[in-house]
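Work through the exercises below with the sequence and the model side by side. Each task is followed by a solution that goes step by step.

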Amino acid sequence: MLDGFTVVLEPKNLLYCFIGVVVGMLIGVLPGLGPAATIAILLPLTFGLEPVTAIILLAGIFYGAQYGGTITSVLLRLPGEASSVVTVFDGHALARQGRAGTALGIAAIGSFVGGTMSVVALSLVAPFVAAFALDFGPPEYTALALLGILLVSTISTGGKLKALVAAVLGLLLAVVGRDGFTSAERFTFGNLSLADGLDFVPIAMGLFGLGEILYNLEERHRAVSPPTTVANVWPSRADLRQASGAIGRGGVLGFVLGILPGGGAVLSSLAAYAVEKRRSRHPERFGHGAIEGVAAPETANNAAATSSFIPLLSLGLPANATMAVIFGALLIQGVTPGPQLVTEQPELFWGVINSMYLGNVLLLIMSIPLVGLFVRILRVRPAILAPITTLITLVGAYTVNNSVFDIGLVIVFGVIGYLMKKFGFDPGPLVLAFVLGSLLETSLRRSLLLFDGDPTGFLTRPISGTLFALFLAVALLPLGRAVARRRRSDQAPREPIER
């Protein structure tokens with residue numbers, strides 16, 4: 001762990017940590033263009049960097065964006081990030097009362113505390129998770145990949161059926177190309193460019209980059225009110241006392257939910273807000289300027305953004321769409337996330353984790369002074385930003401393999417991403433299923449060879465058996481709820497019909 005600090009404190013890594021946090025905050029301020037889209041667009045720029053430097057940069061963008069989205073939520077009632085949607089309710093209400101500075105100050109403190117709590121816990125927990133994962137073989141990875149895809153699909157922001165459809169499409173895309181066992185070509189239609197399979201970069205850049213740009217251009221007609229004046233940024237002692245419990249609970253809840261596949265910052269912020277409202281003696285205050293309604297979700301989303309690195313680095317399992325993009329970045333850098341990462345590349349593992357300590361301090365220092373700059377950025381018209389971002393996306397896609405075919409893939413998946421957003425399909429399950437698809441197929445086929453084709457062999461191993469039991473529980477839970485609701489409705493007393 002101490003060696004990790006020596007890696008982070010190298011001038012080059014310090015610079016890229018700073019750049020990542022600033023870019024993340026800027027992206028969080030711009031509504032619609034989230035960290036997954038930004039990281040996907042910037043992937044080609046990381047090719048010339050060392051692996052640890054590249055991941056420090058991308059990680060900074062991820063957790064920096066969580067606070068940036070707060071600024072527009074408070075000042076404009078327009079969440080810059082999906083995880084900041086809940087902050088709109090009480091943050092903008094405080095701004096209308098002339099307390100925008102207080103809301104932003106509490107959000108900055110909560111973000112720092114939540115992120116720091118999560119990094120400390122990450123430092124303690126991740127090595128044990130990695131040590132436990134050393135017992136994983138093909139059957140365990142098969143069960144883990146299936147469970148991850150199912151959890152992401154069932155906890156997705158869109159409907160469950162739509163998320164499952166997106167996940168199935170992602171699995172289908174994952175099998176395009178040569179079969180790794182028989183070398184037979186699958187779904188290539190005689191196109192040599194598809195013989196090695198679909199590349200992750202054009203898919204991510206199309207779905208999250210170009211797709212988001214097209215969708216946001218369509219939504220540009222929405223009027224945005226002028227930014228509120230920010231004053232008295234530092235909260236009072238009474239505000240800090242009132243928010244302290246919410247910050248502590250939000251940090252713990254965010255850390256736990258961030259580890260789960262499909263959880264992440266969005267679910268954590270929603271859950272933290274619901275917990276505070278339910279336990280409050282005066283729940284009617286929420287939505288009208290309750291300071292806990294800002295502190296809890298902002299703490300939780302930063303804690304979750306950090307803890308989602310545990311399954312990525314320790315198990316090689318991305319917990320959400322942004323982690324899937326960072327997973328792709330690691331693979332491009334020649335780094336395979338998983339249990340061996342702690343022992344084989346400790347400088348990368350601990351360098352990335354320890355960079356988050358420094359990144360959270362930078363967030364706290366810069367968040368308040370830069371509010372004025374971020375408010376000015378909000379006034380830049382989408383008609384100016386969209387063409388510049390599109391050009392960067394297409395040029396970046398071409399530079400990966402110097403392939404015009406990749407530009408075509410970006411455009412195709414950009415249109416698919418736009419249509420998915422328009423019709424309520426979350427692209428996250430598609431990307432996660434695509435990333436986990438190759439792991440799932442390889443592990444499943446190796447397991448069946450190991451068990452001589454007997455699928456019951458998965459249940460004879462303790463870890464894989466437990467994971468499959470969890471898979472069945474999660475899959476059958478909605479059915480059980482539907483049956484219970486039907487029984488309650490059948491048992492409910494009916495009013496006599498008057499004749």
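**Exercise 1. Place Leu419 in its helix, classify its exposure, and describe the nonpolar surface patch to which it belongs.**

Step 1. Leu419 is located in helix 19, where helices (H or I, at least four residues) and strands (E, at least two) are DSSP runs numbered from the N terminus. The model is a predicted one, in which local features need pLDDT of at least 70 and side-chain atom pairs count only at pLDDT 80 or more, while totals for chains, interfaces and linings use all residues. Residues are numbered from 1 along each chain as its sequence is written, and side-chain values use heavy atoms, with hydrogens and water left out.

Step 2. Leu419 counts as partly exposed because its relative accessibility is 38%; buried means under 20% relative accessible area, exposed over 50%, and partly exposed in between (1.4 Å probe, protein chains only).

Step 3. Leu214, Ile411, Val415, Leu419 and Phe423 make a nonpolar surface patch of about 420 Å², and helix 19 (residues 404–422) gives the most to this patch, with 3 residues. Patches are made of residues with over 30% relative accessible area and no salt bridge, with like charges joined within 9 Å and nonpolar side chains (Val, Leu, Ile, Met, Phe, Trp, Tyr) joined within 5 Å. Accessible areas come from the Shrake-Rupley method with a 1.4 Å probe, and for residues only the protein chains shown count as cover.

**Exercise 2. Asp406 also calls for a look: which side chain of opposite charge is nearest to Asp406, and which residues does Asp406 touch?**

Step 1. Asp406 lies in helix 19. Asp406 is buried yet has no salt bridge, a salt bridge being a side-chain nitrogen of Lys or Arg within 4 Å of a carboxyl oxygen of Asp or Glu.

Step 2. The nearest side chain of opposite charge is that of Arg178, 14 Å away; here Lys and Arg count as positive and Asp and Glu as negative, while His and the chain ends are not counted.

Step 3. Leaving aside residues up to four places away in sequence, Asp406 touches Pro202, Ala397 and Asn401, where contact means heavy atoms within 4.5 Å.

**Exercise 3. Trace the salt bridge of Glu140 and describe the surroundings of this residue.**

Step 1. Side chains of opposite charge can pair when their charged atoms come close. The side chains of Glu140 and Arg461 form such a salt bridge, at 2.9 Å from N to O. This pair links distant parts of the chain, with Glu140 in helix 7 (residues 138–154) and Arg461 in the loop between helix 21 (457–460) and helix 22, 321 residues apart.

Step 2. Glu140 is buried because its relative accessible area is 2%, whereas Arg461, at 27% relative accessibility, is partly exposed.

Step 3. Apart from residues up to four places away in sequence, Glu140 touches Asp135, Arg461, Ile463, Ser464 and Leu467. The C-alpha atoms of Glu140 and Phe468, which are 328 residues apart along the chain, are separated by 9.1 Å.

**Exercise 4. Which parts of the chain are tied together by the salt bridge of Asp196 and Arg178, and which residues join Arg445 in one network?**

Step 1. The side chains of Asp196 and Arg178 meet in a salt bridge of 3.0 Å, N to O. Asp196 lies in the loop between strand 2 (185–186) and helix 9 (200–218) and Arg178 in strand 1 (residues 177–178), so the pair ties together parts that are 18 residues apart in sequence. Asp196 is exposed at 70% relative accessibility, and Arg178 is partly exposed at 42%.

Step 2. Arg445 and Glu441 also meet through their side chains in a salt bridge of 3.0 Å, N to O. Both residues lie in helix 20 (residues 427–450), 4 residues apart, about one turn of the helix. Salt bridges that share partners join Asp179, Arg186, Glu441 and Arg445 into one network.

**Exercise 5. Locate the patch of positive charge and summarise the chain as a whole.**

Step 1. Lys160, Arg481, Arg485 and Arg488 gather in a surface patch of positive charge, the place of a charge being taken as NZ of Lys, CZ of Arg, CG of Asp or CD of Glu. Helix 22 (residues 462–491) gives the most to the positive patch, with 3 residues.

Step 2. The protein chain has 22 helices and 2 strands, and buried residues make up 53% of its 499 residues.
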